[in-house]
Amino acid sequence: MVEREGIRSYVAHLILWIGIAIVAFPVYLAFIASTQDNAAIANGQMSLLPGGHFLETYYQTIFVGTSGSTREPVGTMLFNSFVMAMLIALGKISISIISAYAIVYFRFPFRMPIFYIIFITLMLPVEVRIYPTYKIVADLHLLDSYAGLSLPLIASATATLLFRQFFMTVPDELLEASRIDGAGPFRFFWDTLLPLSRTNMAALFVILFILGWNQYLWPLLITTRDDMQTIVIGIRKMITTTDALTEWPVVMATAVLAMLPPVFVVVVMQKLFVRGLVETEK
Amino acid sequence: MAGRERRPADFADNMQKQSVFQSRLLPYALVAPQLAVVLIFFYWPAGQALLQSFLLQDAFGLSTSFVWFENYRDLLSQPDYFAAILRTFVFSLAIAVSSLSLALLLAVMADKPLRGAALYRTLLIWPYAVAPPVAGVLWVFMLNPSLGILAHGLRAMGVDWNPLLDGDQAAMLIVLAAAWKQISYNFLFFLAGLQGIPKSVMEAAAIDGARPMRRFWTVTFPLLSPTIFFLLVVNIVYAFFDTFGIIDTMTRGGPAKATETLVYKVYVDGLLGGNLGGSAAQSVILMIIVIGLTAIQFRFVERKVNY
């Protein structure tokens, strides 16, 4: 390094730990609250150390749900969130990779217009077209269905552009070679291109899974049945009731359960996550 | 999902492979699924919104007439709407500035050759995965006037903390939760930006006698400006759209609309039903804002590619 560090590096360590504390404290508190007695929390006398209700609260949250209302158990919500996130991530990746393949490896009329039609959707996030989209999904009888939850979010110009960019870097010789081997467009895609795209697909999957899991506005609009709620929607409904009736340990356990899968993905697949994030956003 | 949809950098090349497959129908079959989704769920609703914004229905929904820009004129003459625009921009700036400055400080620290640097990085990036509404719930719990731990602290310090009644405090609540959630994203990009600055440049500045603080402002900060600008745009888009979940779990736009942003207003006005044309006009104005922000971002990316 440029100069001797010493005291400066202690300051750096200190600032980083303060940063980590700021980032982690709300989550720590949520976990602590989920292990404590509701009465203590409601009185504002919550301890800052874990309480003894861990198993009880999590059992109730996952299998029973809040006792005050007729809401579904959070287990169902976790399942819904998982299905939705998987459908969005896998759906986006599969429809994007084949359309990118067509655009890069074929020459056909309207190729560029089609590309631009897909590209422009970058500028139309679901928030700016919610009610018309809702009406279409209702007309198609897709309310309260997994298809309705995921289909409108599946089109992704980002993924198409990413695969297109990657395909452009694949050497032409590979295509020539597999042609000489007698491979057609299907074999070339399946045997050559797909294996080469594995890392890109995985990185994209990590990002898309998190985005899918965390969807809020769209599921809020199109799910009316309690058993189709995702966990991120369910948690909001739990604190709808007046303060006194809110079962905070269950709410906080739900928050912890809602964070767990995406956070796990980020921590365990950190390299892919960082790569996916930088590539999709740049 | 809004705003996160961005494109990779080398968009400019419209080239294609030298050698391609020949097939009359196959390419159309391959683009068909994506094209179908895009046409049904993007263009059709966007077109509907555009069309409806020029239409006016009578009170019973019996007849509809084409009224050109009347819906827009109506909308823009409402002081309410202007207040929401202004509020949205204030929120965006507050969220972007607070989150960016804290993230930059942390990234500069984490960029030093410290022991445990990889661990610090892991411990700082995971909140990216927390859903905005969940972030809202976490902060509401800490700052709930009757049972929140931080609320007790604030009261002990003599602050009259009641975001349920005080609009400014409710706004602070939203900004806090939204900025907290965005720290890890900004941190990650700042760290990548810092690691892209050649060490030789820093050493040259050090040899010239520049102290670390001065080195930061005269060397690091200017070299980081493309990253800062990129993040500023991303954060504004984030504050526009992703705060919806935070607002909905924390304040529902209240008290007295003090936290109602443009996106939240579209949602609330649409939910109340009634004015279809006005709500469509709101959507179209939002679309124009998104297109503007995206265009700014594109110009920036273009420059960076040439750089």
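A residue is called buried if 20 or more other C-beta atoms lie within 10 Å of its own, exposed if 12 or fewer, and partly exposed in between, with C-beta atoms placed from the backbone. By that rule, buried residues make up 43% of the 307 residues in chain B, and 50% of the 282 residues of chain A.

Good morning, colleagues. The model before you is predicted: local features need pLDDT of at least 70 and side-chain atom pairs count only at pLDDT 80 or more, while totals for chains, interfaces and linings use all residues. Residues are numbered from 1 along each chain as its sequence is written, and chains are lettered from A and ligands numbered from 1 in the order in which they are written.

I begin with the two chains. Helices (H or I, at least four residues) and strands (E, at least two) are DSSP runs, numbered from the N terminus. Chain A has 15 helices and zero strands, whereas chain B has 13 helices and two strands. The C-alpha trace of chain A spans about 75 × 70 × 35 Å along its principal axes. Its radius of gyration is 24 Å, where a compact globule of 282 residues would have a value near 19 Å. That radius is taken over C-alpha atoms, and the globule rule is 2.2 Å times the number of residues to the power 0.38.

Two residues are in contact if their C-beta atoms, placed from the backbone, lie within 7 Å. Among contacts in chain A with a separation of 6 or more, 72% are between residues 24 or more positions apart. For chain B, the share joining residues at least 24 apart is 70% of contacts between residues at least 6 apart in sequence.

I turn now to the interface. Here 95 residues of chain A are in contact with 90 residues of chain B. Helix α1 of chain A, residues 7-34, gives the most to chain A's side, with 13 residues. By class, that side has 68 nonpolar, 16 polar and eleven charged residues. In this scheme Ala, Val, Leu, Ile, Met, Phe, Trp, Tyr, Cys and Pro count as nonpolar, Asp, Glu, Lys and Arg as charged, and the others, Gly among them, as polar.

Which helices cross between the chains? Helix α14 of chain A (residues 248-268) and helix α5 of chain B (residues 132-143) have axes that come within 10 Å and cross at roughly 145°. Axes are lines fitted to C-alpha atoms, for helices over the stretch in contact, and angles run from 0 to 180 degrees between N-to-C directions. The crossing is left-handed, meaning that the near helix is turned anticlockwise from the far one by less than a right angle. On the α14(A) side the contact is made by W248(A), V251(A), M252(A), A255(A), A258(A) and M259(A), and on the α5(B) side by V134(B), V137(B), L138(B) and F141(B). This contact has ten nonpolar, no polar and no charged residues.

Some of these residues return in the largest nonpolar core. Such a core is a set of buried Ala, Val, Leu, Ile, Met, Phe, Trp, Tyr and Cys residues joined through C-beta atoms within 7 Å. This one has 169 residues, and those touching the most other members include A255(A), V134(B), L138(B) and Y101(A). Helix α4 of chain A, residues 74-105, supplies the largest share, 17 residues. Leaving out residues up to four places away in sequence, Y101(A) touches F167(A), F189(A), L193(A) and L30(B).

Helix α4 of chain A also holds V74(A). Why does V74(A) count as buried? Because 27 other C-beta atoms lie within 10 Å of V74(A). Beyond its neighbours within four places in sequence, the contacts of V74(A) include I231(A) and G234(A). Both belong to α13(A) and are buried. Helix α13 of chain A, residues 231-238, is largely enclosed by the rest of the structure, because seven of its eight residues are buried. Its cover includes α4, α12 and α14 of chain A, together with α5 and α11 of chain B.

I close with two loops. In chain A, H141(A) is in the loop between α6 and α7, and D144(A) is found in the loop between α6 and α7 as well. Most residues other than glycine have a negative phi. H141(A), however, has a positive phi of about 60°, and phi of D144(A) is near 55°. H141(A) is exposed, with 10 other C-beta atoms within 10 Å, whereas D144(A) is partly exposed, with 14.

In chain B, P127(B) lies in the loop between α4 and α5 and is buried, with 24 C-beta neighbours inside 10 Å. P127(B) touches V23(A) across the chains, along with K181(B), I183(B) and S184(B). Thank you.
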